[in-house]
Every structure is written in C-alpha cells, then in structure tokens.
Amino acid sequence: MIKIVSYKICPFVQRVTAALEAKNISYEIEYISLKDKPKWFLDISPNGQVPIMVTESGTTLFESDAIIEYIEDEYGGLEKGLTNEQRALDRAWSYLGSKNYLVQCGTMNSKDKETFTERSDKLISAFTKMEKQLTIDSTFYKSNTLSNVDIAWLPLLHRAGIVKKHTGYDFLCGLPKTQAWQKTVLATGIAEKTVSEDFEQLFKEFYLTNTYNCLFELSPNGKAPILITDNKDVLFDADAIVSYLESLYEGLYKPNTKEEAALIEAWANYGSKNYVPQCSTMRSESEAEYQSNLTIFSKSLINIERKLGEYTVLHN
Ligand SMILES: N[C@@H](CCC(=O)N[C@@H](CS)C(=O)NCC(=O)O)C(=O)O
C-alpha cells in the first residue's frame, strides 16, 4: 500500500491526500513532528520536507508537484481526454494555488496588522485572479467534474473556511464565485478525509492563537461575533446584532402584545445564557465536573421542554 509521511497541518500534504481521496486510492499515513524530525525520515527525504510518498513498489517520492504528477500518470487523471494545452493550463492554475500555501500560512501567522495586511493582500490577489477565471455555469473549477485545479486549491479553500468559522474573517469576502466554489469543493467531503481528526484543533492552536487577528482589532470587546453593516459600522454583542437584524428583516413572528414580546425576549435570552453552560459541559475534564455542568445545563433543557408543552417524565 502507498505510504504518505505527513505533518498534520501541512497544506502540501493535504493536496496529495486530496488527490488520493478523489481517486479513492488507499494509503496509509504516518505523522511526524517537524521540530524533531526522525532520523529515518531525514534518511529518505532529500529536502527534509513532507510530503513523502512511498509508492506501492517501494520507491520514495518527494516534492508535492512531482507526487501529484505521479498519481496522475500511475492511476489516471480525474478528467479524461484533456488536450495537452488544457493540461498545461490546469497545471499552471494549480501552481498558482500551491504557490500560495505558504502565503496563506504566513498570513495566518502574522503577529501584527502591517504584516497581516501585506500578506493577506497577496493571498486575496490570488483569489481575485481565480474569481475572474471561474464561471457561474460550472460547479467546480471549470466544469461539473472535479479537476486537478480543484484539488490544488482545496487546502486554501478549506483553511479559509476554518478561519472564517473561528474568527469571522473571510479571505473570500467580495468574491461570490470563489465563495460558491469553496462551498461545492468542501461539500464533496474530501477535505475532512484529507486531514487527521484533531486537524481543526491543531490548526486553531497553531494559527489562530497568539497571532494578529483582525477580528480583535475591529471588535471593541475583543469577541466574536461582529457584524459589519453596508455603511461599514462595526456592530458587536450578539444580542445587539440580533436586534439589528430583526429590525432589518421581515418574516419573524410578530408578538401581539407587549407582554408576549417580553416573554419571547426572556426565552431567547434564557437560550443564549445557556451557551456557556453547554460549552462547559462539553469541555468537562472529569466525570464529576461533567455531571455538575450537565445538571446546570440540563435544567434549561427541561424548562424549555416544559414550555413547549411536551414535557414528559423521563425518569420515574
Ligand atoms: N516544495 C515542497 C514544500 C513542502 C513543504 O514546505 N513542507 C513543509 C511543511 S508544510 C515542511 O516539510 N517543512 C519542514 C522544513 O522545511 O524543514 C513540496 O511541494 O513538497
């Protein structure tokens, strides 16, 4: 079986595992620490870098571009019947993606605003070039079939999604075709299969902790969520943001009396007050802590269940 040597948050490895996953090729994976590279790894990796692929016949390959070409040569391309020109173009657009892996890593690792802006401008300029390249008629890069270009950009799109989820900052802001493309690429489920189970946690710790975070720059209380209005006003505090959204959009249930309005607000606030107890329950480090957090949190569930009129005695 193919063996991949990996570092858990390396985008170059992710491109290779994405190519294997997209073609349903089995492989085993061994993770190493780059701070303390094992001797066996240094013995087989000419550049001292991951990814390394050991092929089924035992040959050790390195450099992700070469590995990607090998997968295509050995197992066939994702698309059939491409002309040589198209293949060359696809390689060039793939290269534009992989050339930006380290730019994205560097952006997320920036320690101050100046560095962040300089690096993110570079990354956003690559996404902007891609925006011009994409058409609304195709779901993936150039058609409704996954291609090498989708695979090469998958690490960038996946990581941009995680950054957005945890900080609210969107590298793809103002690029609707790229945002739609990100959605379809991620909806294939390939991204999750290409990384370890603890990837998101490690990624967060490595990139989104102790680094410059434009969210904190914008948010007066240093917390998510913030909402930037069309007039560029920065709103913060979830309750205030929700009130603002309610004032903008029709369609929510309108209370008939002031009392009903007060009750609805009280039950909504009761829900949001329990976000932290729910988080604490899930983060409990011992059985005793879990039971005590659960007692607090489950009270709120019992109360809302009662309110919904569906309360049944679960425990006799
Ligand atoms: N050009 C290489 C770049 C791979 C690369 O930069 N890998 C990083 C991890 S993401 C690495 O192994 N760094 C360790 C080092 O350079 O010592 C490729 O495409 O395979």
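In this predicted model, 14 of the 20 residues of helix α7 are buried, so α7 is largely enclosed by the rest of the structure. A residue counts as buried here if 20 or more other C-beta atoms lie within 10 Å of its own.

The helix itself covers residues 148-167. From its first C-alpha to its last it reaches 29 Å, close to the 28 Å expected at 1.5 Å a residue. At L154, α7 bends by about 45°. A proline, P155, follows this bend within four residues. Just after the helix comes G168, which takes a positive phi of about 85°.

What does α7 contribute to the interior? The largest nonpolar core has 40 residues, and L154 is among the four members that touch the most others, along with V16, A19 and A22. Several elements each supply at least two residues of this core, including α1 (11-22), β3 (52-54), α3 (64-75), α6 (113-133) and α8 (176-187). The largest share, 9 residues, comes from α7. The core also draws on both domains: at least three of its residues come from domain 1 (2-75) and at least three from domain 2 (84-207). L154 thus appears twice in this account, as the site of the bend in α7 and as one of the core residues with the most contacts to other members.

The ligand comes next. Which residues surround the ligand? They are Y7, C10, F12, L34, G48, Q49, V50, P51, E63, S64 and D65. Sorted by class, this shell has 6 nonpolar, 3 polar and 2 charged residues.

Terms used
Residues are numbered from 1 along each chain as its sequence is written. This is a predicted model: local features need pLDDT of at least 70, side-chain atom pairs count only at pLDDT 80 or more; totals for chains, interfaces and linings use all residues. A residue is near a molecule or strand if its C-beta atom, placed from the backbone, lies within 6 Å of it. Ala, Val, Leu, Ile, Met, Phe, Trp, Tyr, Cys and Pro count as nonpolar, Asp, Glu, Lys and Arg as charged, and the others, Gly among them, as polar. The expected span of a helix is 1.5 Å times one less than its number of residues. The bend at a residue is the angle between axes fitted to the seven residues ending there and the seven starting there. A residue is buried if 20 or more other C-beta atoms lie within 10 Å of its own, exposed if 12 or fewer, and partly exposed in between; C-beta atoms are placed from the backbone. A nonpolar core is a set of buried Ala, Val, Leu, Ile, Met, Phe, Trp, Tyr and Cys residues joined through C-beta atoms within 7 Å. Domain bounds come from an automatic or database domain assignment.
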